[in-house]
Amino acid sequence: MTLPGFAQQDVETEPGVRIRAHVAGSGPPVLLLHGWPQTSAMWHAIAPDLARDHTVVAADLRGYGASTAPSGARFDKRAMARDQLAVMAALGHERFAVVGHDRGARCAYRLALDHPDAVTGLAVLDVLPTGDVVAGVDAAFALSAWHWFFLAQPGGVPERMILADPDAFFARYVPDPAPHREAWRRPEVVAAMCADYRAGATVDAADDDADRGRRRIGCPTLVLWGAAGPLGRAPDVVGTWRRWAPAATGRALACGHHPAEERPAETLAELRRLLGRSFSPTENDR
């Protein structure tokens, strides 16, 4: 499934890595990054409206959806962020806002940390920083988010088990499985998802620990999460993010883990407020 009215464009970001981008609209550029186990189709209720007055780029993460990555490619968020920086540069956008959900939000905040001159505004949907999550793991988290530890197992074990019935495994995690089934039935996509979680449990957590208290996100930052989702149990979501992004603001919405699909009108309104204060146009972005 493609986003209606969006053109597809593939960008090679490094040898063997090709990122599929869906592009529409004109105006200040906004990059949308999906979560696990989805594709950029998750933005279907928001992206067309946003494209009325923005250039919207909805990209599939490395190895997800229609994006590709060779066997043995890196899946740490630093590498995945560089992909998206290259995509936006190839499309003519040196500065842009970025909105990420779930794994896409982890790529998005790493992009803001590593490339602050490129990111004019950041929105993270239903996540806490990876390092904070790993440091705070308890029995309740392990039971509710057991897939974090399952997918990170080495030796191809989760890949083999998932591919016995990928629809049964993945469909429980998304509001609408239909747009994503074709992708998650492919062995290379399942392998990429597992590599993503292995990196999250190791390299990404270590990168966050190295940056904790030393680097900050300076651009306007919006934090949204679902009151009925996993962050509904977190004691201070905005406060946690303010340790990374001092100007962060945000709130819980009356939904689960997928604000952009469960509460699209409210999510869109919040994003528009963020975008209204985050973008300073340059010649390259006109």
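**Close-up views of a predicted model**

**View 1. Asp126, in the loop that follows strand β6.** At 2% relative accessibility, Asp126 counts as buried in this predicted model, since the limit for a buried residue is under 20% relative accessible area. Asp126 belongs to the loop that runs between β6 and α4, the latter spanning residues 130–135. The phi angle of Asp126 is near 60 degrees, which is a positive value in a residue other than glycine. As background for this view, most residues other than glycine have a negative phi.

**View 2. Asp102, in the loop between β5 and α3.** The loop that links β5 and α3 holds Asp102, whose phi is near 55 degrees and thus positive, although the residue is not a glycine. Asp102 is also buried, its relative accessible area being 10%.

**View 3. The open sheet and its edges.** Eight strands make up an open sheet with mixed pairing, and their order across the sheet is β1-β2-β4-β3-β5-β6-β7-β8. The edges are taken by β1 (7–14) and β8 (249–253), and because each of these has a single partner strand, one side of each is left without a neighbour in the sheet. On average, and with direction ignored, neighbouring strands of the sheet are turned by 20 degrees against each other. Helix α2 packs on this sheet and touches β1, β2 (17–24), β3 (29–33), β4 (55–59) and β5, while its direction makes about 125 degrees with that of β1.

**View 4. The pairing of β5 with β6.** Strand β5, made of residues 96–101, runs parallel to strand β6, made of residues 119–125, and six bridges join the two. Within this pairing, Phe96 stands opposite Val119 in β6. Helix α3 lies across β3, β5 and β6, and runs at about 145 degrees to β5.

**View 5. Helix α3 and its surroundings.** Helix α3 covers residues 103–114, and its 12 residues reach 17 Å from the first C-alpha to the last, close to the 16 Å expected at 1.5 Å a residue. The helix is mostly covered, with 12 of its 12 residues buried. Among these buried residues are the charged side chains of Arg103, Arg106, Arg110 and Asp114, as well as Gly104, Cys107, Tyr109 and Leu111.

**View 6. The packing of α2 against α3.** Helix α2 (residues 77–90) packs with α3 at an angle of about 80 degrees, and the two axes are 8 Å apart. The two helices are therefore roughly perpendicular to each other. On the side of α2 the contact is made by Lys77, Arg78, Met80, Ala81, Gln84 and Leu85, and on the side of α3 by Arg103, Arg106, Cys107, Arg110, Leu111 and Asp114. Sorted by class, this contact between α2 and α3 has five nonpolar, one polar and six charged residues.

**View 7. Two prolines in loops.** Pro37 is found in the loop between β3 and α1 (47–50), and the peptide bond that leads from Trp36 to Pro37 is cis, with omega near -10 degrees. As background, most peptide bonds are trans. Pro179 has its place in the loop between α8 (166–170) and α9 (181–184), where it is buried, with a relative accessible area of 12%. From Pro179 to Asp211 there are 32 residues in sequence, and the distance in space, C-alpha to C-alpha, is 36 Å.

Terms used. Residues numbered from 1 in each chain as written. Predicted model: local features only at pLDDT ≥ 70, side-chain atom pairs only at ≥ 80, totals over all residues. Heavy atoms only, no water. Helix = DSSP H or I, 4+ residues; strand = E, 2+ residues; numbered from the N terminus. Expected span 1.5 Å × (residues − 1). Buried < 20%, exposed > 50% of the residue type's maximum accessible area, 1.4 Å probe, protein only. Axes fitted to C-alpha atoms, helices over the stretch in contact; angles between N-to-C directions. Parallel < 35°, antiparallel > 145°, perpendicular 65-115°, else oblique. Contact = heavy atoms within 4.5 Å. Pairing = 2+ DSSP bridges.
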